[in-house]
Amino acid sequence: MGDVIDKFVRDFKLYEKKPDSRLFGFNHPNPSPDKPYGYEDWVTIPEDMEVPAPLVKKKVKGDMYAALTIDFPNFHEWKLITDWVEKNQKWEADYAPEGGEIMAGCLEEHLNWVYASHRGWTENGSDGKIDLLLPIKIRT
């Protein structure tokens, strides 16, 4: 993950304050011929915790997601989860209205990353596992 988030996790001893903290990320903006690649990170923090600039505190509504655990960097496996959702009789995608600019609301959760950062094992987290999360809703 990004150096800014890693520094924040270490400097503020986030693992000690919130050992169940989670790290999410997504392409922002999504890569295209006319835009450079970017990646936005979100880390869960205690409700009353303040964050220093350039970080921004956000409140994210809870949603339902289909999940697939992959080994980093097997991002081609996004196709497996999107195919599953497209063919599913009960669930359908619930993509964000902002669309492709923010990966349509899809997230990547970097498993054990906050613990790994706290311990100084930042390369690919502690085990290189990532959950691919695709927003879903009951099919209408």
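1. Packing of α3. In this predicted model, the buried residues of helix α3 pack against four strands: β3 (64-71), β4 (91-93), β5 (107-110) and β6 (129-138). The residues concerned are W78, I81, T82 and V85, within a helix that spans residues 78-87. Viewed down the axis of α3, these buried residues fall within an arc of 95°, so they line one face of the helix.

2. The other face of α3. Turned away from the buried side are K79, L80 and K87. These residues are exposed. Note that L80 is among them.

3. Salt bridges overall. The whole structure contains 9 salt bridges. Three are taken up below.

4. K7 and D11. This salt bridge has its closest N and O atoms 2.5 Å apart. Both residues sit in helix α1 (residues 3-11), with a spacing of 4 residues, about one turn of the helix. An α-helix has 3.6 residues a turn, so residues three or four places apart point the same way. D11 is partly exposed, at 48% relative accessible area.

5. K18 and D20. Their side chains form a salt bridge at 3.1 Å, N to O. K18 is buried, with a relative accessible area of 18%. The cut-off for buried is under 20%. D20 counts as exposed, at 52%; the cut-off there is over 50%.

6. R22 and E109. The closest N and O atoms of this salt bridge are 2.7 Å apart. R22 lies in the loop between α2 (14-17) and β1 (23-27), and E109 in strand β5, so the pair ties together parts 87 residues apart in sequence. E109 is buried, at 7% relative accessibility, whereas R22 is partly exposed, at 39%. Strand β5 is also one of the strands against which the buried residues of α3 pack.

Conventions:
Residues numbered from 1 in each chain as written. Predicted model: local features only at pLDDT ≥ 70, side-chain atom pairs only at ≥ 80, totals over all residues. Heavy atoms only, no water. Buried < 20%, exposed > 50% of the residue type's maximum accessible area, 1.4 Å probe, protein only. Helix = DSSP H or I, 4+ residues; strand = E, 2+ residues; numbered from the N terminus. Arc of directions from axis to C-beta. Contact = heavy atoms within 4.5 Å. Salt bridge = Lys/Arg side-chain N within 4 Å of Asp/Glu carboxyl O.
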